[in-house]
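Please study the sequence and the structure shown here. The exercises that follow are each accompanied by a worked solution.

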Amino acid sequence: MLRLPPFEYHTPRTVEEAMSLAASYGAEARFVAGGTDLIPNMKHRLFEPEHLIALSFIDEMKGVRMADGVLEIGAAESLTGVAESTDVQRWVPALAEAARHVAGPQIRNRGTIGGNLCLDTRCTYYNQTEFWRRSLGFCLKKDGDVCHVTRVGRKCVAAHSADTPPVLMVLDAEVVIQGPGETRTVPVRDLFIADGIRNIRVELGELLTRIRIPIHSRTTCVYRKLRQRQAVDFPLLTVAVAADADPDGGWSRVRGVVTGLGSRPRELTGWDAIHEGGPLDDDVVDALAERAHAQCRPLENHIVDPDWRRAMVPVEVRRALTELRAAAT
Ligand SMILES: Cc1cc2nc3c(=O)[nH]c(=O)nc-3n(C[C@H](O)[C@H](O)[C@H](O)COP(=O)(O)OP(=O)(O)OC[C@H]3O[C@@H](n4cnc5c(N)ncnc54)[C@H](O)[C@@H]3O)c2cc1C
Ligand code: SF4
C-alpha cells in the first residue's frame, strides 16, 4: 500500500484567505483542488508539501455564468459540473465533451477544471513509485540528472496530458490568475511552455481563479480524444479544432491544437497559408491534416509506440475537421 507523506490540511473559505495561507507557508505549501492528480503524485513521493491548501470550500471559485458575451467558469468547478452545465452545453459543447472524456465519473466528480489546466506532465519514467524510480537512478524531472527518454541533453519532454486546454485554446479563452500582489489575465494559448519539469506560467503560490471564454455565435469547435480504452485513460492524443462560419457558407480562421504528445499543447501552425477562406473541401482538409503530421514528432515518453501516435495525428485531425464541417450543415 502506498502511504501519503504527513501534511497539514487547511480549509480557507475565500480566495483572500487561501492567498494569505500561501504567503505564510511559501514553497512548503501546495493548493489542492480535487486532489485526483496531486494525491497520487504525493503517494509516489513526486511532491511532499508540508501544507495543503484546499480549494474545495471556496464558493467564489465555483459555478458557471454567462455575462456580456463571456462564459465564466470558476477554476474549482468540478469536471462533472462543467460537462453537465446547460450553459457550457449550449455555448461551448466541445468543452462539455472534453470534460466528459476525462478519466471516469468518480474522478470527474472530484477533479476540477482548474486542476486540469494545472495538471503535471506525465511520463513512463516519472509516474511510478519511489522504489521503481530509485531502481532506475531517478530522472531529470525529479531527484535525478538524466532523461531516460532523450538520453542526451538536459530537457524534460514529459507529456502534457490534459483534455480541456486544447479546446480552451482554440476558443480564445483566458484565465484569471491571482498572485500575491496583483491579479492578471493570461490567454490559455500563452499559458504553457515547452518544459516538462514545470510547463505552466503559474508560479507556486499563484491561484488560478476563473476561466473566461468569449462566445461567438459563428464559431464551431470540435474535440476528439485518442486513448487505449474508451474510459478512464489519459489521452494518447487530444485534438481540438475550431473555425468561424462565413455568411456565404465558407469558413475563416481555421485553427487547431493537439496535445498528449510533447510537454505543452501544440498549436497547429501554417494553416492560414493552406486555407485562406472559403469551403473546407476534402483536399483542404487533407492538406491541413498532413501539415499537422509534419509538425508533430512524439518521443518515447509513453508506453504506446510514438510512431503510431504520430501516424494517428493526421487521422484524428482529418476526423475533427470533417465533423466540424458536418456540424455546420
Ligand atoms: C485514473 C486517472 C485517470 C485520469 N484521466 C485523465 C484524463 O483522461 N484526462 C485528463 O485531462 N486528466 C486525467 N486525470 C488527471 C486528473 O484527474 C484531472 O486532470 C483533473 O482535472 C485534475 O484536477 P484536480 O482538481 O483533481 O487537480 P489536483 O490534483 O487538485 O491538482 C493538480 C495540480 O494543480 C494545482 N492546482 C489545482 N487547482 C489549482 C488552481 N485553481 N490554481 C493553481 N493551482 C491549482 C495543484 O496544486 C496541483 O499541482 C486522471 C487521473 C487519474 C487518477
Ligand atoms: S521526459 Fe525524461 S526527464 Fe522528463 S519525466 Fe520522462 S524521463 Fe524524466
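**Exercise 1.** Which residue has a backbone N or O atom 2.9 Å from a nitrogen atom of ligand 1?

*Solution.* The model is predicted, with local features needing pLDDT of at least 70, side-chain atom pairs counting only at pLDDT 80 or more, and totals for chains, interfaces and linings using all residues. Residues are numbered from 1 along each chain as its sequence is written, chains are lettered from A and ligands numbered from 1 in the order in which they are written, and side-chain values use heavy atoms, with hydrogens and water left out.
Step 1: a polar contact is a pair of N or O atoms within 3.5 Å.
Step 2: the residue sought is Leu208.
Step 3: for Val232, a backbone N or O atom lies 3.3 Å from a nitrogen atom of ligand 1, while a polar backbone atom of Asp233 is 2.9 Å from an oxygen atom of ligand 1.

**Exercise 2.** Determine how the rings of Tyr125 and Trp132 are arranged.

*Solution.*
Step 1: rings of Phe, Tyr and Trp (its six-membered ring) pair if their centres lie within 6.5 Å; planes under 30 degrees apart are stacked, over 60 edge-to-face, and the rest tilted.
Step 2: this rule gives one aromatic pair. The ring centres of Tyr125 and Trp132 are 6.5 Å apart and the planes meet at 50°, so the pair is tilted.

**Exercise 3.** Over which ring does the charged end of Lys141 sit?

*Solution.*
Step 1: the criterion requires NZ of Lys or CZ of Arg within 6 Å of the ring centre and within 35 degrees of the ring normal.
Step 2: the ring is that of Tyr126, with the charged end 4.6 Å from its centre.
Step 3: likewise, the charged end of Arg122 sits over the ring of Phe234, 3.8 Å from its centre.

Methods:
Polar contact = N/O pair within 3.5 Å; in protein donor to acceptor, adjacent residues only side chain to side chain.
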